[in-house]
Amino acid sequence: MKIEKSKLAKKIGQMKGIINKNSDNGALQGILVKDGYLIASNTELTVKAKLEGMEGESFIIPMKSFDLIDNLPDGDIQIQCEKNVITIQMGKINNHFKTYPVEQFAYDMNSFSEDSSASVMADRLKRAAQHVIYAVPDGAANKTMEGMFFKCAKGKLNMVGLDGHRVAWDCLPLSGEFSFIVPKEAVEKIIQFDIKGEIRIAYSRNAALFQTDDYEIYTRLIEGEYFQYEKMFSYGDINTVVDRCLLMEAINRARLCGSKEDRMPIVMEIDGKSIRIMYKNSVADYHEEVPLQEEAGTKLKIGFNPKLFLDSLKAFDCDNIAINFSGKRMPAIINAEDSDMTALILPVNLKED
């Protein structure tokens with residue numbers, strides 16, 4: 001088999017993070033080449049990526065060869081497999097690696113009913129996922145928090161993530177009725193891969209498949225009932241619009257007055273046509289005013305964890321955002337100007353409270 005090094009190395013680089021290096025099944029520590037696809041699996045998540053030039057081939061690329069392939073010079077690689085030994089050759093470079101029989105590469109990729117599927121453009125799905133993924137924690141006491149909630153109803157696909165301190169929610173038009181929780185790792189792969197065109201979402205009680213012409217991402221679903229996120233979004237009477245970048249820059253400057261160990265909150269003082277950003281610790285007393293595009297009306301002084309607030313603002317990709325406040329102990333709700341993206345951030349109690 002002859003394949004261009006850059007194409008093979010790119011696909012391996014995308015997929016090697018899926019592999020469980022401690023798997024009891026040694027074959028699953030490599031990447032399977034089969035029917036024109038590269039396949040990586042850790043039993044919970046399986047990804048198939050089409051790669052031209054590998055049609056008709058069937059063997060396992062062992063993990064020990066990944067770094068070699070990545071560091072080969074540009075050009076075509078010759079790969080052969082015979083008696084569970086893979087040979088990688090390029091010019092004067094020639095190396096042999098032991099590998100595993102193809103039949104030992106056991107992975108799930110169940111079939112799904114056409115009645116249990118829906119299709120959406122990949123770029124729209126990826127953009128919504130990027131808006132939400134930051135709020136999905138890597139680990140949580142409640143397992144359902146470790147995934148992104150997909151709920152399709154009333155002509156919209158809602159995508160939600162939350163971690164106990166903040167909520168991110170975006171939606172896009174889609175017909176159908178379903179709901180399930182997709183593990184964070186699977187959503188990250190959807191974002192990471194250069195998926196284009198239409199993506200088919202198929203699902204069953206315990207698994208889901210995201211499929212395009214070039215990729216198939218199969219994942220086990222997280223069991224459990226998701227939170228009633230809609231009820232968390234209770235709007236108050238204080239509304240304003242602000243330049244997102246100006247607000248981010250001000251919060252970041254205030255945050256830099258502290259240290260990693262410093263857990264002091266930023267204080268926002270909303271007053272008329274500006275938000276005053278304040279940060280005070282034993283060595284600094286920072287103040288900056290950010291102009292508002294719409295007068296807020298009622299005055300309010302409220303505190304937030306600066307990192308959590310910044311993470312939420314960075315997830316938006318619009319110029320201006322609307323912010324709604326209900327009170328100093330109630331969440332702030334942020335809305336995008338150009339999409340249905342919404343974020344909620346819980347405040348922190350200030351000492352003077």
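Accessible areas are obtained here by the Shrake-Rupley method with a 1.4 Å probe. On that basis, the accessible surface of the protein amounts to about 17,500 Å², and carbon and sulfur atoms account for 44% of this area. The model under description is a predicted one. Its 353 residues include 52% that count as buried. The C-alpha atoms occupy a box of roughly 75 × 50 × 35 Å along the principal axes. Secondary structure assignment yields six helices and 24 strands. Among contacts between residues at least 6 apart in sequence, 65% link residues at least 24 apart. With regard to charge, 44 positive and 52 negative side chains are present, and the centres of these two sets are separated by 4 Å.

In the N-terminal part of the chain, four strands are arranged as an open sheet in the order 1-6-7-8, with antiparallel pairing. Strand 1 (2-4) and strand 8 (93-98) form the edges, each pairing on one side only. On average, neighbouring strands of this sheet are turned by 25 degrees against each other, direction ignored. Strand 1 is joined to strand 6 (residues 76-82) by three bridges, and the two run antiparallel. Within this pair, isoleucine 3 is placed opposite isoleucine 77 of strand 6. Helix 1 (residues 5-15) lies across strand 1, strand 6 and strand 7 (85-90), and runs at about 75 degrees to strand 1.

The loop between strand 6 and strand 7 contains lysine 83. Lysine 83 is not a glycine, yet its phi is positive, at about 50 degrees. The relative accessible area of lysine 83 is 76%, and the residue is therefore classed as exposed, the cut-off for this class being over 50%. A positive phi, of about 75 degrees, is also found at threonine 43, which is likewise not a glycine. Threonine 43 is located in the loop between strand 3 (37-41) and strand 4 (45-50). With a relative accessible area of 35%, threonine 43 is partly exposed.

Further along the chain, strand 19 (residues 274-280) includes methionine 278. The relative accessible area of methionine 278 is 13%, so the residue counts as buried, a class that requires a value under 20%. Apart from neighbours within four places in sequence, methionine 278 has contacts with Pro265, Ile266, Val267, Glu269, Tyr286, His287 and Lys301. Between methionine 278 and alanine 40, which are 238 residues apart along the chain, the C-alpha separation is 49 Å.

Towards the C-terminal end, strand 23 (residues 332-336) pairs with strand 22 and with strand 24. Strand 22 (residues 320-325) and strand 23 are antiparallel and share four bridges. These two strands make up a hairpin, with six residues between them. In this pairing, isoleucine 323 stands opposite isoleucine 334 of strand 23. The pairing of strand 23 with strand 24 (residues 342-345) is also antiparallel and extends over four bridges. Here a hairpin connects strand 23 to strand 24 through five residues, and alanine 332 faces isoleucine 345 of strand 24 as its opposite residue. Strand 23 is largely enclosed by the rest of the structure, because four of its five residues are buried.

Note on methods. Residues are numbered from 1 along each chain as its sequence is written. This is a predicted model: local features need pLDDT of at least 70, side-chain atom pairs count only at pLDDT 80 or more; totals for chains, interfaces and linings use all residues. Side-chain values use heavy atoms; hydrogens and water are left out. Two strands pair if DSSP finds at least two bridges between them. Axes are lines fitted to C-alpha atoms, for helices over the stretch in contact, and angles run from 0 to 180 degrees between N-to-C directions. Contact means heavy atoms within 4.5 Å. Buried means under 20% relative accessible area, exposed over 50%, partly exposed in between (1.4 Å probe, protein chains only). Lys and Arg count as positive and Asp and Glu as negative; His and the chain ends are not counted. The place of a charge is taken as NZ of Lys, CZ of Arg, CG of Asp or CD of Glu.
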